[in-house]
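Visitor: I am new to this structure and would like a close look at one part of it, namely how helices pack against one another. Please take me through that slowly, with whatever background I need to read it.

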Amino acid sequence: RLWRRRKGESCGSGEGEGGEEETSSPGGGARGGGGGGDAERHVIPPMPKCSYTLTQGGGQVSRPGVPCIPPAPEWPYLDYTSWRNALGERVIKALAGHVRQTDCKSFKIMGDFTWCSKAMGGKTALGVSSGNTERDIWSEKMARMFRVPTRYHNCYVDPENLEESLPYQVYPTCLAAVKTDAESRDYEALESVLAGRGALSVHLNLDTEVSGWEIMERLLASPETLGKLRTLDVDFHIGSKASFDQDFQDLAEPDLLERQVQVVEKLLRHFRVVGSTVEVYRQGWHPEQDCPEQACNEPPLYTNGGFSPQRFAVSYVKRELVAIGGGPGAGEEEEEAGHLTAAALDEIRQLKHPPAVVRRTLEVVHVLLHASRHRHGLPRHGVKWQSVLRTLSSDSFAQKLQSFDVDTLRRSPGLTRDLRALYFDPPEADSSAGGVPRLRPEREALSPERVRRASLSAASLFSWAARAVDDAVAENPAAAAAIATAATEDDDDGEDEGDSDAASDGDGGASASA
């Protein structure tokens, strides 16, 4: 992103060659429009090198780990649009798998699926799949390999025309968000199919081309249904929508893509990525042959290197079933608070007078959960510890962590700026800089290592908070600009229930007096 800003500045925003006005961004694209024909001067930025997991004879299979997505030799498209690029990068980030084979005991890789052996099966487990092919490989493997009774919902074929020896049951309906019929096909609501199932008892396989996108949003909005799942496999089709996805029909393309990408991102609050097919799809993309001389039109979204992650399959495992291991730093990106254990949450709530580093971590979490109240920045008189304790003691604390919408923070560049300056960036001076109070030299910036040494439970909260702030900055140019220039805006909003008063607990809180 810094490269793109510098590139834009070097290109200038005045008169270009031939007297035509140039845009200040390398692609010239605006949200809702095309790239303006700026691909000629768009150069792919330097990117880290990576190696494919399989180089020969790999086949169209799912692969565990962080996908390798090398750039095209040169920009392959006629145009460049910055928001399309940003969406593509967000998708790839959401597909990074940090589950290791040792975390799962072993991986089972079959076609589009990578399964974590540790989570497969279960005495009362049920497999549920929805698709449109006569033979469902997922259902077959679930029944034969893991001995899980499996239902295959397919409204495209007549069950009477199928083989009688199939190891799974076939139902002449597809799955959707609600019971409906479309194009002479019947759809059942996922919630009704899973009615009566216990916690962590369902292996689920969905295809957004068959079941739509509203089923994914409804699933994410239902803690009860989410609680029943052990694993989830999804074949995503970004940019497409089912005819019965009513809420998606009238969306403009940027809004449709944004909403679909958010679904992929929000799944990470409840699941870990075990594997995906995105690497092998990149391996089968040959832009030097398919798009010589920048001859291709822009796809809906694409990475920095030009690859378009429109269709891909992802295998997920429920977070509480697999702990990330493998030594220091392993899976730090995955240590989020979406699923704090009850014991860890109790430990945090009992910290009435925690170490300063833990206290400040909890202050950040409290402020993030109340971000809508502080859009212009942190309260001038600091964060009151009693309010932090009230947030921690709330019965809905864990649920608020899981349902936190980073868009709230993206709309608050002033708050993002203050959080970075006061909690995450190294202190520069023992004075106020541009209206933002600086920490004293002895109060270091929060880091995973410092928080982890003080409290493992607080470390997972820190990772959650740090990722939220980073995501808000990454996708919000206004926030990035606010941080870069230390822009100042006084915040007249008080903390909840009297937080406009100065913090009364000494140097544990980040206050103006500090």
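Guide: What follows begins with the chain as a whole, turns to the packing of helices, and ends with a few single residues.

Please keep in mind from the start that this is a predicted model, and that the protein chain averages a pLDDT of 78, with 74% of the residues scoring at least 70. Over residues 326-339 the pLDDT falls below 50, although this stretch still has 39 contacts in the model beyond near neighbours in sequence. Residues 482-514 also have a pLDDT below 50, and for this stretch the model shows 78 contacts beyond near neighbours in sequence. Where pLDDT is low, the predicted coordinates should not be read in detail.

The protein chain contains 20 helices and 15 strands, and 52% of its 514 residues count as buried. If one takes the contacts between residues at least 6 apart in sequence, 74% of them join residues at least 24 apart.

Now to the part you asked about, beginning with helix H2, which spans residues 82-94, and helix H9, which spans residues 253-266. Their axes lie 9 Å apart, and the two helices pack at an angle of about 15 degrees. Since angles under 35 degrees count as roughly parallel, H2 and H9 are therefore roughly parallel to each other, and their crossing is left-handed. On the side of H2, the residues that meet H9 are Trp 83, Arg 84, Leu 87, Arg 90, Val 91 and Ala 94. Facing them in H9 are Glu 253, Pro 254, Leu 257, Glu 258, Val 261, Gln 262, Val 264 and Glu 265. Sorted by class, this contact of H2 with H9 has 8 nonpolar residues, 1 polar residue and 5 charged residues.

A second pair is formed by helix H13 (residues 356-369) and helix H17 (residues 413-424), whose axes come within 11 Å and cross at roughly 175 degrees. Because angles over 145 degrees count as roughly antiparallel, H13 is roughly antiparallel to H17. H13 brings Arg 360, Glu 363, Val 364, Val 367 and Leu 368 to the contact, while H17 brings Leu 415, Leu 419, Leu 422, Tyr 423 and Phe 424. In the contact of H13 with H17 there are 8 nonpolar residues, no polar ones and 2 charged ones.

Helix H17 also holds Pro 413, a residue that counts as partly exposed because its relative accessibility is 21%. The C-alpha atom of Pro 413 is separated by 8.3 Å from that of Ala 472, although the two residues are 59 apart along the chain.

Away from these helix pairs, two loop residues deserve a careful look for their backbone angles. Most residues other than glycine have a negative phi. Lys 105, however, has a positive phi of about 75 degrees although it is not a glycine, and its place is in the loop between helix H3 (101-104) and strand E2 (107-110). With a relative accessibility of 69%, Lys 105 counts as exposed. Leu 200 likewise has a positive phi, near 50 degrees, in a residue other than glycine, and Leu 200 is found in the loop between helix H5 (190-193) and strand E10 (202-207). At 23% relative accessibility, Leu 200 counts as partly exposed.

Technical notes
Residues numbered from 1 in each chain as written. Predicted model: local features only at pLDDT ≥ 70, side-chain atom pairs only at ≥ 80, totals over all residues. Heavy atoms only, no water. pLDDT = per-residue confidence, 0-100. Contact = heavy atoms within 4.5 Å. Axes fitted to C-alpha atoms, helices over the stretch in contact; angles between N-to-C directions. Helix = DSSP H or I, 4+ residues; strand = E, 2+ residues; numbered from the N terminus. Parallel < 35°, antiparallel > 145°, perpendicular 65-115°, else oblique. Left-handed = near helix turned anticlockwise from the far one by under 90°. Nonpolar A, V, L, I, M, F, W, Y, C, P; charged D, E, K, R; others polar. Buried < 20%, exposed > 50% of the residue type's maximum accessible area, 1.4 Å probe, protein only.
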